[in-house]
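Here are some notes to read alongside the structure, taken one region at a time. Please keep the display open while you go through the points.

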Amino acid sequence: VVSTQSTEAVVSTQSTGYEFGILGGATDWVVLADLDKQLKFPSEIATTRLRPDLVIFSKTFKRVIWWELTVPSEERIAASHELKLDRYNSLQAEIQANGWSCYSFAVEVGARGVVAASLECAARKMGLTGRALKKLVRECGKDAAHCSRWIYLLSRKREWEMRAV
(Lines give C-alpha, C1' and ligand atoms only; values in the text may rest on other atoms or scores of the structure.)
Protein backbone atom coordinates (compact mmCIF):
# COMPACT_ATOMS: atom_id res chain seq x y z
CA VAL A 1 0.00 0.00 0.00
CA VAL A 2 1.37 3.39 -0.99
CA SER A 3 0.28 6.56 0.76
CA THR A 4 -1.24 9.18 -1.52
CA GLN A 5 0.48 12.04 0.25
CA SER A 6 3.99 13.30 -0.35
CA THR A 7 6.52 11.08 1.31
CA GLU A 8 9.43 12.47 3.28
CA ALA A 9 12.35 10.46 4.58
CA VAL A 10 15.74 11.32 5.94
CA VAL A 11 18.54 9.23 4.45
CA SER A 12 21.97 8.92 5.96
CA THR A 13 25.04 8.03 3.91
CA GLN A 14 27.36 7.44 6.85
CA SER A 15 31.02 7.15 5.97
CA THR A 16 31.66 3.59 4.79
CA GLY A 17 34.69 4.27 2.67
CA TYR A 18 32.56 4.23 -0.49
CA GLU A 19 31.60 7.22 -2.56
CA PHE A 20 27.94 7.64 -3.43
CA GLY A 21 28.21 9.77 -6.56
CA ILE A 22 26.59 13.13 -6.01
CA LEU A 23 25.15 11.82 -2.73
CA GLY A 24 28.64 11.40 -1.27
CA GLY A 25 29.73 13.37 1.75
CA ALA A 26 26.46 14.55 3.27
CA THR A 27 24.66 12.66 6.03
CA ASP A 28 21.40 14.63 6.18
CA TRP A 29 19.64 13.82 2.91
CA VAL A 30 15.90 14.46 2.84
CA VAL A 31 13.86 12.59 0.21
CA LEU A 32 10.48 13.88 -1.01
CA ALA A 33 8.29 12.01 -3.48
CA ASP A 34 5.34 13.48 -5.35
CA LEU A 35 2.53 11.03 -4.80
CA ASP A 36 -0.93 12.19 -5.86
CA LYS A 37 0.26 15.75 -6.57
CA GLN A 38 0.98 16.52 -2.91
CA LEU A 39 4.68 17.50 -3.04
CA LYS A 40 5.55 21.04 -2.10
CA PHE A 41 9.04 22.04 -3.21
CA PRO A 42 11.11 23.02 -0.12
CA SER A 43 10.73 26.77 0.36
CA GLU A 44 14.23 27.07 1.87
CA ILE A 45 15.61 26.11 -1.54
CA ALA A 46 13.29 28.00 -3.93
CA THR A 47 9.72 29.16 -4.36
CA THR A 48 7.92 27.34 -7.17
CA ARG A 49 4.72 25.58 -8.10
CA LEU A 50 6.65 22.94 -10.05
CA ARG A 51 6.57 19.46 -8.54
CA PRO A 52 9.33 17.11 -9.67
CA ASP A 53 8.55 13.44 -9.04
CA LEU A 54 11.46 13.03 -6.63
CA VAL A 55 13.41 15.67 -4.70
CA ILE A 56 16.49 14.87 -2.62
CA PHE A 57 18.34 17.59 -0.74
CA SER A 58 21.00 18.22 1.89
CA LYS A 59 20.88 21.44 3.89
CA THR A 60 24.50 21.14 5.08
CA PHE A 61 25.86 20.74 1.53
CA LYS A 62 23.20 23.04 0.01
CA ARG A 63 22.72 20.46 -2.72
CA VAL A 64 19.41 19.53 -4.36
CA ILE A 65 18.69 16.73 -6.81
CA TRP A 66 15.44 16.04 -8.57
CA TRP A 67 14.12 13.40 -10.91
CA GLU A 68 11.28 13.93 -13.33
CA LEU A 69 9.98 10.66 -14.80
CA THR A 70 8.12 10.49 -18.11
CA VAL A 71 6.61 7.39 -19.72
CA PRO A 72 6.10 8.42 -23.36
CA SER A 73 5.71 6.27 -26.44
CA GLU A 74 9.13 5.10 -27.57
CA GLU A 75 8.99 7.41 -30.60
CA ARG A 76 8.75 10.45 -28.29
CA ILE A 77 11.49 9.66 -25.78
CA ALA A 78 14.00 12.25 -27.09
CA ALA A 79 11.37 15.00 -27.44
CA SER A 80 9.96 14.25 -23.97
CA HIS A 81 13.44 14.48 -22.46
CA GLU A 82 14.04 17.95 -23.90
CA LEU A 83 10.57 19.19 -22.86
CA LYS A 84 11.14 18.15 -19.25
CA LEU A 85 14.60 19.72 -19.08
CA ASP A 86 13.23 22.97 -20.54
CA ARG A 87 10.34 22.98 -18.07
CA TYR A 88 12.72 23.08 -15.10
CA ASN A 89 15.37 25.51 -16.44
CA SER A 90 14.04 28.54 -14.58
CA LEU A 91 13.79 26.62 -11.30
CA GLN A 92 17.37 25.41 -11.68
CA ALA A 93 18.56 28.99 -12.29
CA GLU A 94 16.70 30.26 -9.20
CA ILE A 95 18.14 27.50 -7.03
CA GLN A 96 21.67 28.25 -8.18
CA ALA A 97 21.09 31.98 -7.60
CA ASN A 98 20.09 31.08 -4.01
CA GLY A 99 23.50 29.48 -3.48
CA TRP A 100 22.55 25.81 -3.88
CA SER A 101 24.10 23.32 -6.28
CA CYS A 102 21.46 21.66 -8.39
CA TYR A 103 21.20 18.41 -10.34
CA SER A 104 18.16 17.99 -12.58
CA PHE A 105 17.41 14.59 -14.10
CA ALA A 106 14.72 13.98 -16.68
CA VAL A 107 14.39 10.22 -17.06
CA GLU A 108 12.26 8.32 -19.52
CA VAL A 109 10.97 4.78 -19.70
CA GLY A 110 9.02 4.04 -22.86
CA ALA A 111 5.42 2.85 -22.54
CA ARG A 112 6.35 -0.49 -24.12
CA GLY A 113 9.29 -1.03 -21.77
CA VAL A 114 12.25 0.57 -23.55
CA VAL A 115 14.44 2.24 -20.94
CA ALA A 116 16.11 5.41 -22.20
CA ALA A 117 19.80 6.03 -21.54
CA SER A 118 18.78 8.98 -19.33
CA LEU A 119 17.72 6.61 -16.52
CA GLU A 120 21.04 4.77 -16.46
CA CYS A 121 22.98 8.04 -16.68
CA ALA A 122 21.06 9.59 -13.76
CA ALA A 123 21.42 6.44 -11.64
CA ARG A 124 25.18 6.32 -12.29
CA LYS A 125 25.56 9.96 -11.21
CA MET A 126 23.71 9.08 -8.01
CA GLY A 127 26.27 6.32 -7.39
CA LEU A 128 24.48 3.18 -8.59
CA THR A 129 26.71 0.65 -10.34
CA GLY A 130 26.93 -3.03 -11.18
CA ARG A 131 24.06 -5.38 -10.40
CA ALA A 132 21.98 -2.73 -8.64
CA LEU A 133 22.06 -0.52 -11.73
CA LYS A 134 21.23 -3.41 -14.07
CA LYS A 135 18.35 -4.47 -11.84
CA LEU A 136 16.95 -0.92 -11.72
CA VAL A 137 16.97 -0.65 -15.53
CA ARG A 138 15.49 -4.13 -16.01
CA GLU A 139 12.73 -3.65 -13.42
CA CYS A 140 11.73 -0.21 -14.72
CA GLY A 141 11.31 -1.60 -18.23
CA LYS A 142 9.33 -4.60 -17.00
CA ASP A 143 7.04 -2.45 -14.84
CA ALA A 144 6.31 0.02 -17.66
CA ALA A 145 5.46 -2.80 -20.07
CA HIS A 146 3.31 -4.53 -17.45
CA CYS A 147 1.31 -1.37 -16.69
CA SER A 148 0.87 -0.59 -20.39
CA ARG A 149 -0.48 -4.10 -20.93
CA TRP A 150 -3.09 -3.56 -18.21
CA ILE A 151 -4.10 -0.21 -19.70
CA TYR A 152 -4.56 -1.90 -23.08
CA LEU A 153 -6.56 -4.81 -21.62
CA LEU A 154 -8.88 -2.43 -19.78
CA SER A 155 -9.12 0.19 -22.53
CA ARG A 156 -12.53 -0.94 -23.78
CA LYS A 157 -14.18 -0.91 -20.36
CA ARG A 158 -16.26 2.12 -19.44
CA GLU A 159 -15.20 1.98 -15.80
CA TRP A 160 -12.05 0.47 -14.41
CA GLU A 161 -12.13 -1.56 -11.27
CA MET A 162 -9.31 -1.30 -8.78
CA ARG A 163 -6.82 -4.18 -9.22
CA ALA A 164 -3.42 -5.03 -7.91
CA VAL A 165 -0.95 -5.06 -10.82
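**Notes on the predicted model**

1. In this predicted model, helix 3 (residues 117-126) and helix 4 (residues 130-154) pack with their axes 10 Å apart, at an angle of about 145°. The crossing that helix 3 makes as it passes helix 4 is right-handed.

2. Which residues meet where helix 3 packs on helix 4? From helix 3 come Leu119, Glu120, Ala123 and Arg124, and they meet Leu133, Leu136, Val137 and Cys140 of helix 4. Sorted by class, this contact has 6 nonpolar and 2 charged residues, and no polar ones.

3. Helix 2 (residues 89-97) has Leu91, Gln92 and Ile95 buried. Looking down the axis of helix 2, one finds its buried residues within an arc of 100°, so they line one face of the helix. It may help to recall that an α-helix has 3.6 residues a turn, so residues three or four places apart point the same way.

4. On the other side of helix 2, Ser90 and Ala97 are exposed, while the cover over the buried residues of helix 2 includes strand 4 (63-70) and strand 5 (101-108). Just after helix 2 comes glycine 99, which takes a positive phi of about 90°.

5. Proline 52 belongs to the loop between strand 2 (29-33) and strand 3 (54-58), and is proline 52 buried or exposed? Proline 52 counts as buried because its relative accessibility is 0%.

6. Leaving aside residues up to four places away in sequence, proline 52 touches Asp34, Leu39, Phe41, Trp66, Trp67, Glu68 and Tyr88. Aspartate 34 and proline 52 are 18 residues apart along the chain, and their C-alpha atoms are separated by 6.9 Å.

Methods:
Residues are numbered from 1 along each chain as its sequence is written. This is a predicted model: local features need pLDDT of at least 70, side-chain atom pairs count only at pLDDT 80 or more; totals for chains, interfaces and linings use all residues. Side-chain values use heavy atoms; hydrogens and water are left out. Buried means under 20% relative accessible area, exposed over 50%, partly exposed in between (1.4 Å probe, protein chains only). Contact means heavy atoms within 4.5 Å. Helices (H or I, at least four residues) and strands (E, at least two) are DSSP runs, numbered from the N terminus. The arc is that of the directions from the helix axis to the C-beta atoms. Axes are lines fitted to C-alpha atoms, for helices over the stretch in contact, and angles run from 0 to 180 degrees between N-to-C directions. A crossing is left-handed if the near helix is turned anticlockwise from the far one by less than a right angle, and right-handed if clockwise. Ala, Val, Leu, Ile, Met, Phe, Trp, Tyr, Cys and Pro count as nonpolar, Asp, Glu, Lys and Arg as charged, and the others, Gly among them, as polar.
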